[in-house]
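Me: I've got a fold in front of me and I'd like to learn how to read its inside. Can you walk me through it?

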Amino acid sequence: MTPGPAILESRALTVRYGDTLAVDAVELAIMPGSRTAIMGPSGSGKSTLVHALAGVVRPDSGEVWFEDERLDLLSEGERSRRRLARMGMVFQFGDLVPELTLVENVMLPLQVLGEKSRHARARALEMLDTLGVADLADRRTGAVSGGQIQRAAVARALVHRPAVVLADEPTGALDSLTAERVLDTLVAVAGATGAALVVVTHDHVVASHLDNLVVVRDGRVAEGAVA
Ligand SMILES: Nc1ncnc2c1ncn2[C@@H]1O[C@H](COP(=O)(O)OP(=O)(O)OP(=O)(O)O)[C@@H](O)[C@H]1O
Ligand SMILES: [Mg+2]
């Protein structure tokens with residue numbers, strides 16, 4: 001791929017929680033179609049960085065650019081719309097809606113984009129099948145395992161063919177074989193749709209499926225660091 005402008009970029013991105021400098025002047029450029037692993041110790045700021053890149057958390061200072069637009073300058077509603085339409089998110093602690101079944105959860109991004117229920121359901125079932133949990137489509141999150149929830153969350157992040165997928169420990173609750181399968185799916189679907197993939201992980205095997213490695217320490221991207 002010829003190098004071009006980044007699809008998602010941070011400039012001097014800084015996020016504080018009280019006295020804690022969770023993200024400290026991070027410069028990061030995610031290229032279209034690229035595959036990046038983010039690694040680093042617990043508490044180093046990986047989740048906060050991903051949330052700021054996605055516009056979930058607004059930075060205290062610095063800039064976030066997404067598709068040639070300053071995400072951090074938009075209102076919360078506008079940031080949500082960009083995220084729902086153009087990003088796929090897998091949150092570290094899950095955020096599927098417990099009142100909905102797995103397939104209804106996976107249908108949500110498509111419905112937000114105005115797709116008709118029947119079509120949305122068919123596509124959601126297809127994606128759940130790709131992740132190996134189609135047989136659980138009509139169960140609520142309370143009636144499936146943590147790893148099955150995680151796979152449904154990955155299905156939801158991919159179903160609307162986003163420009164960027166940001167996945168925070170998407171395989172943390174999975175055995176190593178299933179983790180590899182989910183990673184393969186993430187890489188394959190992102191590859192097929194040209195999406196950039198950013199995966200936070202503690203797992204070196206997971207990171208080895210990706211092309212770039214970003215190591216975060218104490219809120220900073222460690223130059224040339226080895227995780
Ligand atoms: N909502 C919050 N309020 C206050 N402090 C927070 C909040 N979220 C995170 N922090 C702090 O910010 C720092 C970075 O946290 P973050 O969750 O980004 O780390 P992480 O690298 O994702 O860790 P882990 O690998 O354990 O998931 C930590 O010191 C954490 O305690
Ligand atoms: Mg985290």
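Reply: Sure. Start with one term: a nonpolar core is a set of buried Ala, Val, Leu, Ile, Met, Phe, Trp, Tyr and Cys residues joined through side-chain atoms within 4.5 Å. Keep in mind that this is a predicted model.

Me: What's the general idea behind looking for one?

Reply: In soluble globular proteins, nonpolar side chains tend to be buried together. Here, the largest such core has 41 residues.

Me: Which residues touch the most other members of that core?

Reply: Leu128 and Leu197 do. Take Leu128: leaving aside residues up to four places away in sequence, its contacts are Leu102, Val103, Val106, Val133, Ala134, Ala137, Ala152 and Ala155.

Me: Which helix gives the most to the largest core?

Reply: Helix 6, with 7 residues. Among the other elements that supply at least two residues each are strand 3, strand 8 and helix 4 (117–130). There's also a second, separate core of 30 residues, with Leu13, Ile30, Leu49 and Met87 among them.

Me: Let's look at strand 3, then. Why is it largely enclosed by the rest of the structure?

Reply: Count its buried residues, meaning those under 20% relative accessible area. Strand 3 covers residues 35–39, and 4 of the 5 are buried, so the rest of the structure largely encloses it.

Me: And which way do strand 3 and strand 8 run, parallel or antiparallel?

Reply: Parallel, with 4 bridges joining strand 3 to strand 8 (residues 196–200). Look for Ala37 opposite Val199. Strand 3 also runs parallel to strand 9 (residues 212–217), again through 4 bridges, and there Thr36 has Asn212 as its bridge partner.

Terms used:
Residues numbered from 1 in each chain as written. Chains lettered and ligands numbered in written order. Predicted model: local features only at pLDDT ≥ 70, side-chain atom pairs only at ≥ 80, totals over all residues. Heavy atoms only, no water. Buried < 20%, exposed > 50% of the residue type's maximum accessible area, 1.4 Å probe, protein only. Pairing = 2+ DSSP bridges. Contact = heavy atoms within 4.5 Å.
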